[in-house]
Amino acid sequence: MSIPPGPRGPALLTLSRYVLRPEPFFRRGRERYGLNFSADLAGLGRFVFLGEPAALKDVFLGDPAILRTGEANAFAVHALGERSLLTLDGEDHARARRTLIPPLHGEHLERHGELVAALTHAEVDRWRAGEPLALENAAREIALQVILRVVFGLGRGPQTEALAGAVREVMRLFANPLAFMAHLVPRTMLRPTPWGRLRPLLAEVDRGLFRLINARRVELEASPSEGAGEVLATLIRARDAQGAPLSDPEIRDHLFTILLAGHDTSAIALAWVFSDLLPRPELCERVRAELEAVSGSGPLGSGEVRQLRFLDALIKESLRLRPLVDFSVRRLAAPFEAGGVRYPAGITLAPCSLLAHFNPAVFPEPETFRPERFLEERPDPYTWIPFGGGQRRCLGMNFALFELRTVLATILRRVRFAPREPRRVEFQRRGLFLAPSDRATFSPSEIVPARPQEVST
């Protein structure tokens with residue numbers, strides 16, 4: 001058995017370098033050690049970061065009884081819960097995944113495309129021409145409203161706003177770059193830090209979620225035909241092989257995982273797309289020309305969104321160059337061979353997008369933003385991995401891409417932005433995710449009113 005080389009030195013220093021400056025950490029790793037290298041991360045153990053396609057394929061197709069993601073994610077149990085899809089392994093994970101696949105299927109959620117567009121219009125209506133705008137923050141509000149309306153089935157009202165307020169504060173704490181290192185601090189020492197507020201805030205969110213689950217269950221019992229297409233209703237109605245329903249804590253953990261995975265990710269992805277798009281006005285005009293060709297002056301429906309091939313390619317290229325998550329994890333319960341190398345039990349294998357996406361043998365001129373590469377061929381699931389891969393690939397991938405296309409198209413139809421010179425935007429850690437350091441701050445120069453049929457929410 002052998003482990004590829006990697007940076008040496010104190011594990012705490014290596015963890016700090018990785019957490020605080022992830023892009024230089026992996027760039028130096030690629031340059032010095034190649035597409036696979038190892039590192040000791042304080043409190044988390046020995047990691048082998050993988051970027052070679054053969055190794056990625058072996059990991060994504062490997063036996064989940066050996067490759068244990070839930071065990072590697074154990075540090076997040078206090079927030080996500082013990083029944084979260086991200087913290088489960090084995091048959092428990094398979095059962096949860098079977099439960100969540102139908103309500104999170106892309107085509108199933110695309111029925112809500114008009115609502116996503118209307119929520120985007122409502123956010124754009126708050127913008128003012130000539131005033132600087134942090135698109136990441138604006139996109140975060142759109143993403144939150146989409147989850148509350150589409151996943152939870154909530155309408156407007158004080159219950160929705162109370163839950164939204166608590167979620168915003170939890171997500172703000174999660175966005176702290178040092179939150180990734182909170183596992184190093186004993187729970188008793190967290191109280192005087194920003195993370196010390198996390199437990200009471202999570203308790204507040206939990207109270208809101210449990211009230212929502214109980215109220216929705218009563219409504220569904222009174223009107224069994226309600227809730228078609230709503231994720232919460234599907235979870236309440238779900239039954240296991242023995243006919244038993246999910247417990248309220250199980251439903252809570254699934255809902256909170258969707259909140260975490262679907263809230264910041266959509267917002268940060270949109271911010272990255274605008275960071276790549278707006279300094280290139282010729283690409284903006286190409287997107288607008290495609291929108292005109294597909295839908296003309298009419299509203300943009302789900303069918304039209306699926307036809308926006310260049311916009312889709314642009315989003316996929318942005319996710320390649322600016323992945324939201326740098327790696328996924330598989331802790332080895334037994335020795336395992338990946339890419340011709342046999343690794344010992346206890347090691348964490350980490351398929352890494354910041355390695356795989358910069359492989360010049362797969363993506364020529366990998367540092368260049370070139371959306372056309374995704375018009376020429378479909379992305380390979382073992383080389384383009386912004387949503388992970390294999391049996392642990394993000395269940396919300398298809399809806400996330402659809403939501404991004406819908407939001408981006410809606411904004412570009414209504415808003416012209418003042419030009420900005422191309423400049424290097426650094427990766428900045430927001431908790432588990434990698435975001436633009438400038439929060440994609442731009443100035444709208446013109447905002448066109450929405451058509452009346454597009455703004456009903």
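**Salt bridges and a cavity in a predicted model**

Guide: In this predicted model, a network of salt bridges links Glu23, Arg27, Arg424 and Glu426, and the structure holds 30 salt bridges.

Visitor: Why is the contact between aspartate 125 and arginine 414 called a salt bridge?

Guide: The closest N and O atoms of aspartate 125 and arginine 414 are 2.8 Å apart, and because a salt bridge needs a side-chain nitrogen of Lys or Arg within 4 Å of a carboxyl oxygen of Asp or Glu, the pair qualifies. Aspartate 125 sits in the loop between helix H8 (113–124) and strand S4 (133–134), while arginine 414 belongs to helix H19 (residues 397–414), 289 residues apart.

Visitor: What makes arginine 414 count as buried or exposed?

Guide: Arginine 414 has 5% relative accessibility, and since buried means under 20%, arginine 414 counts as buried. Aspartate 125, at 40%, falls between the 20% and 50% cut-offs and therefore counts as partly exposed.

Visitor: How do you know that arginine 430 and glutamate 136 tie together parts that are distant in sequence?

Guide: Their side chains meet in a salt bridge of 2.8 Å, N to O; arginine 430 lies in strand S10 (residues 427–430) and glutamate 136 in helix H9 (residues 135–151), so the pair joins parts 294 residues apart in sequence. Both arginine 430 and glutamate 136 are buried.

Visitor: Why are 2 residues in the lining of the second largest cavity called charged?

Guide: The lining includes Arg330 and Arg392, and because Arg counts as charged, these residues belong to that class; the lining also has 4 nonpolar and 3 polar residues.

Conventions:
Residues numbered from 1 in each chain as written. Predicted model: local features only at pLDDT ≥ 70, side-chain atom pairs only at ≥ 80, totals over all residues. Heavy atoms only, no water. 1 Å grid on protein atoms, 1.4 Å probe; cavity = no way out; pocket = protein on both sides within 12 Å on 5 of 7 lines; lining within 4 Å. Helix = DSSP H or I, 4+ residues; strand = E, 2+ residues; numbered from the N terminus. Buried < 20%, exposed > 50% of the residue type's maximum accessible area, 1.4 Å probe, protein only.
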